[in-house]
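Colleague: I am new to looking at protein models, and I would like to learn how to read one. Could you walk me through it?

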Amino acid sequence: FFQRVHDSTITAITALQPHYQYNTINFELIRAIIHANNNKFIKIMCCPCCLCVSTSEVVVVERLGKFERFLSPGFNIIWCPCEQHAGSVSFRVQQLDVRVETKTKDNVFLTTVVSVQYQVIREKAYQAFYALTNTQQQITAHIYDVMRSQLPTLELDAVFEAKEDLALAVKNALQETMSGYGYQILQALITDIDPDQRVKNAMNEINSAKRLKFAIAEKAEGQKILQVKSAEAEAEAKYLSGVGVAKQRKAIVDGLRTSIVDFSGNIKGASSKDVMDLLLLTQYFDCVRDVGSASHCKTTFVSSANDGIRDSLLVADAAKLK
């Protein structure tokens, strides 16, 4: 308003100059004085207003709609109403979270969350304030563009593995664009990858089936090893049992040989056959006694000769009575 008054005054003086040639007033001098003392004229017509600026911020001051200066942190004065507080620029690190929904190469829809950390460049505070109307909307648009061009080229499993590559692509694209507007991109992070719930359930079932298959294979392998070891143990046991039986029979034979020799030497006229028959008869009665002493035994000894069947049955009955 006062600038327009100033300009109107200069115009009026210029228009009146031809009609007042005789006046002692020097119109050229008045015009020069007003031009030379523009700031003083403004300050005389305005009143000072106090303004405190926070740390890590600068305040943009406009004079009659035109950028005038930045106010640094601390106590400042502006001249109202000619000068106005147009806004402020913060140099703090800011974060913007953007949710992007798109599909992968294998036609799986998922939602990703991209977090971008950015900051105003101090030397470009003017561009940061006046170049963009909505900074966050501009950053969001670039994130959508990068993510929806990168994700459709990857399958779902590859998306989880390529998080770092996607974040780097977003950061490079934003840095190239936003640096001209006075912003630097500090970091871009893929903080969440969320497929549809049914897809997650299917992935869990696939993983569960793979693990179950692996568990079954491992269990079968364990049973195989158990059977092999059991067979090896049984073979070893039978081998040792055979060695024991062989040694037992060898000892029996050695004992019989000694008994036969001693018996033949002490009794005259006794042949080796008589001694053998006596020993076999002794073993036969020992065997019958052992069988008869067992309560659950159902064994019947039958002689190989036809005329000895009756005697064998009688022997068996006698064993049962015992």
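What follows is a conversation about reading this model, going from the overall picture to single residues.

Modeller: Happy to! Please keep in mind that this is a predicted model.

Colleague: Thanks. How many helices and strands does the protein chain have?

Modeller: A count of secondary structure is a good place to start. Here the protein chain has 10 helices and 8 strands. You can add the surface to that picture: the chain exposes about 22100 Å², and carbon and sulfur atoms supply 56% of this area. Of its 322 residues, 24% are buried.

Colleague: And what share of the contacts joins residues at least 24 apart?

Modeller: That share is 62%, taken among contacts between residues at least 6 apart in sequence.

Colleague: Now for the sheets. What is the strand order in the open sheet of 3 strands?

Modeller: To read a sheet, we list the strands in the order they lie side by side. In this one the order is E6-E7-E8, and the pairing is antiparallel. Strand E6 (94-103) and strand E8 (183-195) each have a single partner strand, so they are the edges, and one side of each is left without a neighbour in the sheet. From one strand to the next, the twist averages 20 degrees.

Colleague: How many bridges pair E6 with E7?

Modeller: There are 10 bridges between E6 and strand E7, which covers residues 109-120, and the sense is antiparallel. You can follow the pairing residue by residue: Val100 stands opposite Thr112 in E7, and Gln95 stands opposite Gln117 in E7. The hairpin of E6 and E7 has 5 residues between the strands, and Asn107 takes a positive phi near 60 degrees there.

Colleague: Which strands does helix H5 touch?

Modeller: For a helix on a sheet, we ask what it touches and at which angle it runs. Helix H5 (residues 135-150) packs on the sheet and touches E6, E7 and E8, with its direction at about 35 degrees to that of E6. Another helix, H7 (residues 163-178), lies across E7 and E8 and runs at about 145 degrees to E8.

Colleague: Can we zoom in on one residue of the sheet? Is Val113 buried or exposed?

Modeller: Here we look at the relative accessible area, where under 20% means buried. Val113, which lies in strand E7, has 10% and is therefore buried. Setting aside residues up to four places away in sequence, Val113 touches Val98, Arg99, Leu189, Ile190, Thr191 and Asp192. Take Thr191 as an example: its C-alpha atom is 5.6 Å from that of Val113, although the two residues are 78 apart along the chain.

Colleague: How many salt bridges does the whole structure have?

Modeller: A search finds 5. When you meet one, check the distance, then the place of each partner, then how exposed each is. Arg92 and Glu57 form a salt bridge, with the closest N and O atoms 3.3 Å apart. This pair links distant parts of the chain, 35 residues apart: Arg92 sits in the loop between strand E5 (83-90) and E6, and Glu57 in strand E2 (residues 57-63). Arg92 is partly exposed at 42% relative accessible area, whereas Glu57 counts as buried at 19%.

Colleague: Which parts of the chain do Glu83 and Arg63 tie together?

Modeller: Glu83 lies in strand E5 and Arg63 in strand E2, so their pairing ties together parts that are 20 residues apart in sequence. The closest N and O atoms of this salt bridge are 2.7 Å apart, and both residues are buried. Arg63 and Glu83 also belong to a network of salt bridges with Arg69.

Colleague: What about a salt bridge within a helix? How far apart in helix H8 are Glu234 and Lys238?

Modeller: They are 4 residues apart in helix H8 (residues 197-266), which means about one helical turn between them. The closest N and O atoms of Glu234 and Lys238 are 3.2 Å apart. Glu234 counts as partly exposed at 42% relative accessibility, while Lys238, at 56%, counts as exposed.

Colleague: One last feature: which residues form a nonpolar patch on the surface?

Modeller: Phe70, Tyr126 and Tyr130 do, with about 260 Å² of accessible area together. Phe70 is in strand E3 (residues 66-71) and is partly exposed, with a relative accessible area of 31%.

Key
Residues numbered from 1 in each chain as written. Predicted model: local features only at pLDDT ≥ 70, side-chain atom pairs only at ≥ 80, totals over all residues. Heavy atoms only, no water. Pairing = 2+ DSSP bridges. Helix = DSSP H or I, 4+ residues; strand = E, 2+ residues; numbered from the N terminus. Axes fitted to C-alpha atoms, helices over the stretch in contact; angles between N-to-C directions. Contact = heavy atoms within 4.5 Å. Patch = residues over 30% accessible without salt bridge, like charges linked within 9 Å, V, L, I, M, F, W, Y side chains within 5 Å. Areas by Shrake-Rupley, 256 points an atom, 1.4 Å probe, with all protein chains shown as cover. Salt bridge = Lys/Arg side-chain N within 4 Å of Asp/Glu carboxyl O. Buried < 20%, exposed > 50% of the residue type's maximum accessible area, 1.4 Å probe, protein only.
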